[in-house]
Amino acid sequence: MSDEAVPQDKLIMIVDDEVVIGLDIMHLFEERGYRAVTASSGEECERQIAAGDVPDLILMDINLGPNRMDGRETTRRVQEYADIPVVLHSAYTDRATIQKTRDMTKYGYVHKVPGNGEFILATVEMAFRLREREQMYRDLSAHINDVREEQNAFMAREIHDDVGQSIVALKMNLTMLERATAPAETTPIIATMREALDAASSKIRTLIRELRPPVADTADIVEALQWHIREFEKTFSVATQFTSEVERVILGRDKSLSVFRIVQEALTNSVRHGNPSEISVEVGLEESSLVVRIADDGYGFVPAENASKESFGILGMQERAQRWNGSVTIESNSRTGTVVTAMVPHDFEHLEADS
Ligand SMILES: Nc1ncnc2c1ncn2[C@@H]1O[C@H](COP(=O)(O)OP(=O)(O)OP(=O)(O)O)[C@@H](O)[C@H]1O
Ligand SMILES: [Mg+2]
């Protein structure tokens, strides 16, 4: 036995319509310390996962028999239950087969030929490492977001308590000065100073709101969004509708903040890039997820084409949702504009329905 760690806790599902091949590979994995199960069709794979038998990885055949779900469709469907890494496995290496899998998220591709066992094992090991890295990256990015939010909250408090208080004091001093001096000469100067202080106050309020969004003070995400959207409408003069299926949704502070930042970025993107005449934000519940849809009637864009190294907004939205095992999807075109749908799973026991 070598010094490799034995991956005892990992469960692999082999999806292959050729049962004998599936069993062969299952034994191969078991010999190396994995746990393994088989499914002889995409339908069976989906059934098992829907029933809660969620593997850590799927080795997926691409073609799963005539008139059957293929590996691509099966992957798409099981991804709706859980974010499971998939390694593709196929006897076919022709262009059409490979092309079919191009836009799939996959963690490797193995040629299904006899005697390829070591190659399968190595690919699967690599897929697990890749997944680990991905998880590390997500954790790190969540951590950086947390640190940033903490810093923001700290700065908001300092600005409020320190700068804000100084401005209040200065205003009071001005009032005293006004009473104590001859009006003719000082009144215009004092008026100018008061205006400058008012402008500073208002700027500070905006800054604090930006740094410490209203979710920080209310547990209810619906109320926080409603509040933000009213302010947003005033600031950018874009008609923005807000509707919610439910009156209150209590998510907990960190999750609320994630949802809030997602909506904030989507709204900012709309006014920055879309020039819309109207935006709508809808909050709804779907099974056990909170769903927020932000739709604009602006220019639209082609999501993949606009992925640039300097754009972190969309990536940030996705990371914030993934942190809670949720997702952000974007549909956009030049005819109807852009729709951002954020979905965050939640156990709604604290929910108060709109009745
Ligand atoms: N609602 C929208 N309407 C039109 N184009 C959009 C919309 N949202 C995003 N885009 C396009 O997608 C690109 C990427 O958006 P993303 O938020 O990731 O980056 P950004 O807004 O350019 O920069 P930042 O990193 O500051 O957010 C934008 O540059 C823009 O071209
Ligand atoms: Mg942006």
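## A tour from the β7–β8 hairpin outward

Start with strands β7 and β8, which form a hairpin with 2 residues between them. Select Glu 287 in the turn: its phi is positive, about 45°. Keep in mind that this is a predicted model.

Now show β7 (residues 278-286) and β8 (residues 289-296) in full. The two strands run antiparallel and are joined by 8 bridges. For a landmark on this ladder, pick Val 283, which stands opposite Val 292 in β8.

Next, add strand β6, residues 239-244. β6 pairs with β7 in the parallel sense, over 6 bridges. Click Thr 243; the bridge partner of Thr 243 is Glu 282 in β7. Then bring in helix α8, residues 253-274. Which hand does the β-α-β unit of β6, α8 and β7 have? The unit is left-handed.

Stay here and show side chains. The largest nonpolar core has 32 residues, and Ile 221 and Ile 294 touch the most other members. At least two residues of this core come from each of α7 (221-236), α8, β7, β8, α9 (313-322), β9 (327-333) and β10 (337-345). Helix α8 gives the largest share, 7 residues. In soluble globular proteins, nonpolar side chains tend to be buried together.

Centre on Ile 294. Leaving out residues up to four places away in sequence, what does Ile 294 touch? Select these groups:

- Val 263, Ala 266 and Leu 267 are among the residues touched by Ile 294.
- Ile 279, Ser 280 and Val 281 are also among them.
- Thr 338, Val 339 and Val 340 are on the list too.

A second, separate core holds 18 residues. Select Phe 29, Tyr 34, Leu 57 and Ala 127, which are included in this second core.

Now select helix α5, residues 117-180. How far apart are its end C-alpha atoms? They are 93 Å apart. At 1.5 Å a residue, the 64 residues of α5 should span 94 Å, so the two values agree. Look along the helix for a kink of about 25°, centred on Ile 159.

Last stop: Asp 70. Find Asp 70 in the loop between β3 (57-61) and α3 (71-78). Is Asp 70 buried or exposed? Its relative accessibility is 19%, and buried means under 20%, so Asp 70 counts as buried. Show what surrounds this residue. Neighbours within four places in sequence aside, Asp 70 is in contact with Ile 62, Leu 64 and Lys 100.

How values were computed
Residues are numbered from 1 along each chain as its sequence is written. Chains are lettered from A and ligands numbered from 1 in the order in which they are written. This is a predicted model: local features need pLDDT of at least 70, side-chain atom pairs count only at pLDDT 80 or more; totals for chains, interfaces and linings use all residues. Side-chain values use heavy atoms; hydrogens and water are left out. Two strands pair if DSSP finds at least two bridges between them. Helices (H or I, at least four residues) and strands (E, at least two) are DSSP runs, numbered from the N terminus. A crossover is right-handed if, with the strands pointing away from the viewer, the path from the first strand over the helix to the second runs clockwise. A nonpolar core is a set of buried Ala, Val, Leu, Ile, Met, Phe, Trp, Tyr and Cys residues joined through side-chain atoms within 4.5 Å. Buried means under 20% relative accessible area, exposed over 50%, partly exposed in between (1.4 Å probe, protein chains only). Contact means heavy atoms within 4.5 Å. The expected span of a helix is 1.5 Å times one less than its number of residues. The bend at a residue is the angle between axes fitted to the seven residues ending there and the seven starting there.
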